[in-house]
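Hi,

Here is the structure I promised to pass on. Have a look at it first, and my notes on what turned up follow below.

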Amino acid sequence: MTPQMIPDAVFHTRVRNDAIEGDNPFEWKDQSTADIFGGKRSILFAVPGAFTPACSESHLPGFERLHDDLLAEGVDQVICLSVNDAFVMHQWALSRDVVKVKMLPDGNGEFTRKMGMLVARNGQGMGMRSWRYSALIDDQQIIKLFAEPGFRDDPPGVPMDVTSAENMLSWLRAT
């Protein structure tokens, strides 16, 4: 059986450049899937949207709080992905005091679509968004994927039962 690899995609990110002065010391940098995940053991967790209640109050803070515990289990990086642009992801991290988890904007939904996790959230006025999932990825290969049940367009909400940081940490410690 061939291991499942994460899809090739380009992420339009903003990175800090200390040579730029002022309030906005960032520059655009396109990064590929290989740039971000190549040669690294990563936890990726995807959320329906920045600033949304469950994502802001539980999902993102849980991974930030348990970041060091996850790294102690052999993980190199913890990444939060949302179908939002780089500006929104940056401001969301600032608003939640997130400094350890890397924020990955999938503004066009390219990666999310190729992962088969893009859903319509038109009933909430959110457009196309990611389904909630978390994954352990080793050098672009999916080792374990947790996806919330009930995958479908326009759900009334997206649960957070199996994709939490606590669940990922428990699974890592058991394997």
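To start with a small puzzle: which residue in β9 stands opposite Ser-134? The partner is Phe-146. Please keep in mind throughout that this is a predicted model.

**The sheet**

That pair belongs to an open sheet of five strands, ordered β5-β4-β3-β8-β9 and with mixed pairing. The edges are taken by β5 (102-105) and β9 (141-147); each has a single partner strand, so one side of each has no neighbour in the sheet. On average, neighbouring strands are turned by 25 degrees against each other, ignoring direction.

Strand β8 is a good place to look around. It covers residues 133-138 and pairs with β9 in the antiparallel sense, over six bridges. Besides the pair from my puzzle, you will find Ile-137 opposite Ile-142 of β9. The hairpin of β8 and β9 has two residues between the strands, and Asp-139 in this hairpin has a positive phi near 50 degrees. On the other pairing, β3 and β8 also run antiparallel and are joined by six bridges, with Leu-44 opposite Ala-135 in β8. Five of the six residues of β8 are buried, so the strand is mostly covered.

**Helices on the sheet**

Helix α2 (residues 53-65) lies across β3 (41-47), β4 (77-82), β5 and β8, and its direction makes about 180 degrees with that of β3. Its length checks out: 13 residues at 1.5 Å a residue should span 18 Å, and the end C-alpha atoms are 17 Å apart, which agrees. The buried residues of α2 are Cys-55, Ser-56, His-59, Leu-60, Gly-62, Phe-63 and Glu-64.

Helix α4 deserves a closer look:

- At its start, a side-chain oxygen of Asp-85 comes to within 2.9 Å of the backbone nitrogen of Phe-87.
- Its buried residues are Ala-86, Met-89, Trp-92 and Ala-93. They cover an arc of only 130 degrees around the axis, which means that they sit on the same side of α4.
- The cover over these buried residues includes β1 (10-16), β2 (26-32), β3, α2, β4 and β5.
- Just after the helix, Asp-97 has a positive phi of about 55 degrees.

The spacing fits a general rule: an α-helix has 3.6 residues a turn, so residues three or four places apart point the same way.

Helix α6 (residues 165-174) has Ala-165, Met-168, Leu-169 and Leu-172 as its buried residues. Seen down the axis of α6, they fall within an arc of 100 degrees, so they line one face of the helix. What do the buried residues of α6 pack against? The list is β3, α2, α3, β8 and β9.

**One histidine to check**

Since protonation states may be on your mind, here is one histidine to find in the viewer. His-67 is in helix α3 (residues 67-72). Is His-67 buried or exposed? Its relative accessible area is 8%, and because buried means under 20%, His-67 counts as buried. Leaving out residues up to four places away in sequence, His-67 touches Val-78, Lys-100 and Val-101.

Happy to talk through any of this whenever suits you.

Best wishes

Key: Residues are numbered from 1 along each chain as its sequence is written. This is a predicted model: local features need pLDDT of at least 70, side-chain atom pairs count only at pLDDT 80 or more; totals for chains, interfaces and linings use all residues. Side-chain values use heavy atoms; hydrogens and water are left out. Two strands pair if DSSP finds at least two bridges between them. Helices (H or I, at least four residues) and strands (E, at least two) are DSSP runs, numbered from the N terminus. Axes are lines fitted to C-alpha atoms, for helices over the stretch in contact, and angles run from 0 to 180 degrees between N-to-C directions. Contact means heavy atoms within 4.5 Å. Buried means under 20% relative accessible area, exposed over 50%, partly exposed in between (1.4 Å probe, protein chains only). The arc is that of the directions from the helix axis to the C-beta atoms. A polar contact is a pair of N or O atoms within 3.5 Å; within protein, one must be able to donate a hydrogen and the other to accept it, and residues adjacent in sequence count only if both atoms are side-chain atoms. The expected span of a helix is 1.5 Å times one less than its number of residues.
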